[in-house]
Structure formats: structure tokens, C-alpha cells
Amino acid sequence: MGIISSIFNALPVRRHKIVLYSFTETYADNPKYIAEELQRRNLPVQLIWISEHKPVRTPRGIRAICGKYLSRLQLATAHIIIANHRLSNYWDKGYRKKPGQIYIQTWHGSYGIKKMEGDVHTPSETYIRKAKVDSRHIDYLLSNSHWLSSTYRSSFFYSGPILETGSPRNDLLLHPGDTPARVRRELGLPADCKICLYAPTFRDGAENRIPPLPEFPRLRAALSARFGGEWVILVRLHPGRRKHPEPLILKDEQVYDATAWPDTAELLAAADSMISDYSSCIFDYLLTGRPAFIYAPDAADYSTQRGLYYPLTDTPFPIANQFLSLLFNVEKFDETAYQSQITAFLQDKRICDRGNAAAQVVEIVEKLFQS
């Protein structure tokens, strides 16, 4: 244990202080929507958003703290910690959880298809050790489905309470409000344009490269032919790409790099259609009922290296391993069959997203304050 961790461990917990963290180091994901619900209810809480490497822009009433030790100071004195990624590097450095502290882990995925944590084919021993340390500190783990809860039990090294509240970030997909118009306005897009979001996931290790990009002009033409309207495409690479930067060359003026947009949920809410490969965000997108397609030219390699929980063919999405097949799936999209498959899939996974996940979490937080 170091000197700093010893000092921080001696500091008292500050009641009603809530510290929130997103691994993307942006104001986003499940912690964001929990924070906003706390603000809506005008609860007597202090909200602190932490980041270690870069400042985060937060709305009024949520204080942003940047820096490794400043962030750890906030964690050390928090009454409630809400994070969407493991805090292994905090606990592993000798910081201890104090009596009265509550750690709510929201995670950043959902009922997706790619394996996670202990279920991945080749997790490192170091990662597994740190993951187990983190899981021992978690008091509540959020889930948006019976399927995800069961998967957590097998993969997360966790045996504590799981709250099937739904994913707070998915509340926006069921109640988008003015988000679609605001996204178009802030990106400088025509108000009446249609958006296709292309959001591939990351590749592990040295293979964390930009996956093959579709031929965007032909894709836009296919979308317009099948669904009508003028289409633009937003490319959203996984946040993990920021650690392995490569230039993203987009030769079509109607294609925009939206990787830097802070919150993926807002892009999902604004999109009229989306394309992905193995990212959990396309499964969140099912809640909108809008057309979504799988484009996975490296499916065989990915399945071997990362691993999938079930075959891509068990999803509602039309699947393409080649670009021409993607165009065919767009042009021949069957709306009736797709909606039927969505209903069956969501029922099979026992999805509990109802648009009130953040409210359910905040009600639990209120009870924790009273205990």
C-alpha cells in the first residue's frame, strides 16, 4: 500500500456524494442518464464526474474532476460510486472500500453477442485477477435482461445482487424527445436527411484496427432505393480505437466521422438505420424497431479470437459477410419478417428495458441514502 492510498483510506466518506465514471472519458452511457435522473428529482446530492486523462464537459450541477489522484480522492470519499467499467486499477493500488460506501456497476454493454470477461477465449491471468478484485467490491450490478443476468453469473466472477432495471442509456431510445433533431443540427446535417449509423466494434490486441469499411456511395444509393429519402452515413468507431489511432479516410462527402461524438446512445436515437458487426449497440438499437444490418467480413476470425455467445444467424438482423451481400440485404429488406423476429428475440432474452431504467436505479439510490 502506498503513502497516498494510506492517506486517502483514512479520509471519511461524505454522505450523499455520488461519484460517476465512464471509461470513454466522456459524459455518456449509463452513468450519464442516472445522473440526469438524480438532477430531475432535485435530490440533495453532490454529483462528481471523474476522468483520469482528459477533461469532461458536464452540465451545470455535475462537477467534473480530471486527474488520476484527484479522481481517486473523489472515489475514496464517495458515498455511492457509479461506473460503467471496472475500477480494478483503483482497488489494486491499495485503496479500500469503506463502511457505508456503495459501488454500483452499470457495465457498458448489454445483451450482445460477443463474449466478455471470463468467457473470452484467452483472457490474461492479470486481467482475471483484477476483475475478481473489482467484482468483490461491487454491491449492485445492473442488467437489462434475464439473459444478461445469467451471462454475468458465468463471466463476471460475481455472485452478488443483480438489478434487472434495464439499461439507463436505453431510456433515450424509447423516449428520444428532441435528440434526433439536435444531433442533426449539431453535426450540421440537413434537418430532413436520413441517417445510417455504421458502428463496428473493436478488435482485440494488435488486431484493434479499423475494420473493412463499406463502399459508402453504393450503400447510400441502396438505402435511398429501398427506404426513400436522402441518406448520410455516420461512422462511429469504438472508443478503444483512440488508443490505436489511424487516419479514417472518408472519400464520400455525405459520410461523417462521428467517433468523437460523446454519447453513442444519442447517435442511436437519431439514426434511421444502422450497420454493425458484433457490437452490443446494435442490440440496444433493436428497441427502436428500425432497420439494422450485420456486416461482418471477418466473422470466422472474430469468432475464433474473441468468441460469440450464439451464432449471428440467431439474431433478427440480415447478415452479410461480403459487401455485395450487404447491398442485397438492404435492397430486399423485409419489414414484416424483421419486426416478427425482433419480437421473438426480445422475448427470448427476456428484455426488461421499458424506458424507466434510470428512474428505477435512482429509487434504489434514494433507499440507500435512507438506510
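Helices are DSSP runs of H or I with at least four residues, strands are DSSP runs of E with at least two, and both are numbered from the N terminus. In these terms, glutamate 117 lies in the loop between strand S5 (102-105) and helix H5 (125-137). The model described here is a predicted one.

## Overall form

The chain contains 15 helices and 13 strands. A compact globule of 371 residues would have a radius of gyration near 21 Å, and the chain agrees with this, at 21 Å. The C-alpha trace spans about 65 × 40 × 40 Å along its principal axes.

Of the 371 residues, 57% count as buried. Among contacts in the chain with a separation of 6 or more, 70% are between residues 24 or more positions apart. The chain exposes about 16200 Å², of which carbon and sulfur atoms supply 52%. There are 46 positive and 39 negative charges, and their mean positions are 8 Å apart.

## The nonpolar cores

In soluble globular proteins, nonpolar side chains tend to be buried together. The largest nonpolar core of this chain has 91 residues, and the members that touch the most others are Leu87, Leu219, Met274 and Leu326. A second, separate core has 23 residues, including Leu38, Val45, Ile82 and Val365.

Methionine 274 has contacts beyond its neighbours within four places in sequence, among them Cys196, Leu197, Ala199, Cys281, Ile282 and Phe293. Another of these partners of methionine 274 is Tyr285. Tyrosine 285 is found in helix H11 (residues 281-285), and it counts as buried because its relative accessibility is 0%, under the 20% cut-off. Not counting residues up to four places away in sequence, tyrosine 285 touches Leu173, Leu268, Ala271, Asp272, Ser273, Met274, Arg290, Pro291 and Ala292. Tyrosine 285 and asparagine 170 are 115 residues apart in sequence, while their C-alpha atoms are 8.5 Å apart in space.

## Buried and partly exposed residues

The table sets out the relative accessibility of selected residues.

| Residue | Relative accessibility | Class |
|---|---|---|
| Serine 167 | 6% | buried |
| Glutamate 117 | 7% | buried |
| Phenylalanine 157 | 29% | partly exposed |
| Aspartate 353 | 5% | buried |
| Arginine 72 | 8% | buried |
| Arginine 63 | 49% | partly exposed |

Two of these residues are notable for their backbone angles. Glutamate 117 is not a glycine, yet it has a positive phi of about 50°. Phenylalanine 157 also has a positive phi in a residue other than glycine, with a value near 55°. Phenylalanine 157 lies in the loop between helix H6 (146-155) and S7.

## Serine 167 and aspartate 353

Serine 167 is found in the loop between strand S7 (162-164) and helix H7 (171-174). Aspartate 353 is placed in another part of the sequence, in the loop between helix H14 (335-349) and helix H15 (357-370). With neighbours within four places in sequence left aside, serine 167 is in contact with Asn30, Ser110, Asn144, Asp353 and Ala357. Aspartate 353 in turn touches Asn144, Gly166, Ser167, Asn170, Leu174 and Leu287, not counting residues up to four places away in sequence. Asn144 thus appears among the partners of serine 167 and among those of aspartate 353. The C-alpha atoms of aspartate 353 and lysine 54, which are 299 residues apart along the chain, are separated by 32 Å.

## Two arginines

Arginine 72 is placed in helix H3 (residues 68-77). Apart from residues up to four places away in sequence, arginine 72 touches Phe8, Glu52, Asn89, Tyr90, Lys93 and Tyr95. Arginine 72 and serine 5 are 67 residues apart in sequence, and 8.7 Å separates their C-alpha atoms.

Arginine 63 lies in strand S3 (residues 62-66). Its relative accessibility is 49%, so arginine 63 counts as partly exposed. Arginine 63 touches Gln46, Leu47, Ile48, Trp49 and Thr58, not counting residues up to four places away in sequence. One of these partners, leucine 47, is 16 residues from arginine 63 along the chain, and the C-alpha atoms of the two are separated by 6.3 Å.

Note on methods
Residues are numbered from 1 along each chain as its sequence is written. This is a predicted model: local features need pLDDT of at least 70, side-chain atom pairs count only at pLDDT 80 or more; totals for chains, interfaces and linings use all residues. Side-chain values use heavy atoms; hydrogens and water are left out. The radius of gyration is taken over C-alpha atoms; the globule rule is 2.2 Å times the number of residues to the power 0.38. Buried means under 20% relative accessible area, exposed over 50%, partly exposed in between (1.4 Å probe, protein chains only). Contact means heavy atoms within 4.5 Å. Accessible areas come from the Shrake-Rupley method with a 1.4 Å probe; for residues, only the protein chains shown count as cover. Lys and Arg count as positive and Asp and Glu as negative; His and the chain ends are not counted. The place of a charge is taken as NZ of Lys, CZ of Arg, CG of Asp or CD of Glu. A nonpolar core is a set of buried Ala, Val, Leu, Ile, Met, Phe, Trp, Tyr and Cys residues joined through side-chain atoms within 4.5 Å.
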